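Visitor: Could you walk me through this one? I'd like to know where the labels come from.

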Amino acid sequence: MQLIRWDTANDTFELGQWFRGRIYEQMSDLSDDGELLLYVARKGGQRTLDELGSDTWTAISRPPYVTALALWPHAGYCGGGVFSGHREALLYISGGMLQAHAGHEPQGLQVQAYDQLDEAAVNALAGRRNAWRWDDGERKHGWQLTARRERTAPDGVLQLIATARPHKVPRQVVRPIEQFVLRSSHGDIPLGDADFVDFDQRGRVVLARGGELWLCDELLATPLRWRMLADFSAQRPQTGAAPQWATVWP
């Protein structure tokens, strides 16, 4: 996978680093000024275990690069977090496990473990950073369990609904496939499977599928009119170190 920095104010893109592993985007966060990325990653292999003692870690980097400025190895059932303020981060790692990897200690960043705050404060921070709301419980989809989440647009009129089910590919990690629906005054409009669908800061609906990024800014039109914003499907993995500026704290 490749990180790409998208400036939604002018729809420009900066291609970044490739990562051979898995980044869990729903457990990750971007600082308000866009200078820091907090992410959870998993990468199998003996080399990772020898270096970190775990195949899963939470890190902070300068987007669009994954080169870690701060890094916390941990078990696979926890990790990630949110930026709780300017240069403040709340990590979903218990205080007893919150040990930064040698040479990757945070600088100029105040870090707290989730169990250092009360549950209401943690939930309030998580809700402020993520407008999606998970439905209670899971449902059967054939023999598989499905999960549903919803998000309402800032104008309170439009709503996105995502339903996920696990998808197993031989010799690969099980990943969820999500199907999206846009709910408006015209009813429910199926958007189909997608890697990503959301409202951006300008109230537009953006959809990523197969390396292509699509945009719809006339959300009450019938039918919806989409235009391609960018096509990254021809990009191929490359090795390369992060530039010097991405290896130091802002």
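Visitor: Why does Cys78 count as buried?

Guide: Buried means under 20% relative accessible area, exposed over 50%, partly exposed in between, using a 1.4 Å probe and protein chains only. Cys78 comes in at 12%, so it counts as buried. By the way, this is a predicted model: local features need pLDDT of at least 70, side-chain atom pairs count only at pLDDT 80 or more, and totals for chains, interfaces and linings use all residues. Residues are numbered from 1 along each chain as its sequence is written, and side-chain values use heavy atoms, with hydrogens and water left out.

Visitor: What makes Cys216 buried?

Guide: Its relative accessibility is 0%, so Cys216 gets the buried label too.

Visitor: How many disulfides turn up in the whole structure?

Guide: Zero. To count, a pair of cysteine sulfur atoms would have to be within 2.5 Å.

Visitor: What is odd about Asp11, and is Asp11 buried or exposed?

Guide: Asp11 isn't a glycine, yet it has a positive phi of about 55°. Its relative accessible area is 19%, so Asp11 is buried.

Visitor: And why is Arg87 called buried?

Guide: Because its relative accessible area is 16%. Arg87 also has a positive phi of about 55° without being a glycine.

Visitor: Which peptide bonds are cis?

Guide: One of them runs from Pro63 to Pro64, with omega near 10°. Another joins Thr222 and Pro223, where omega is about -5°.
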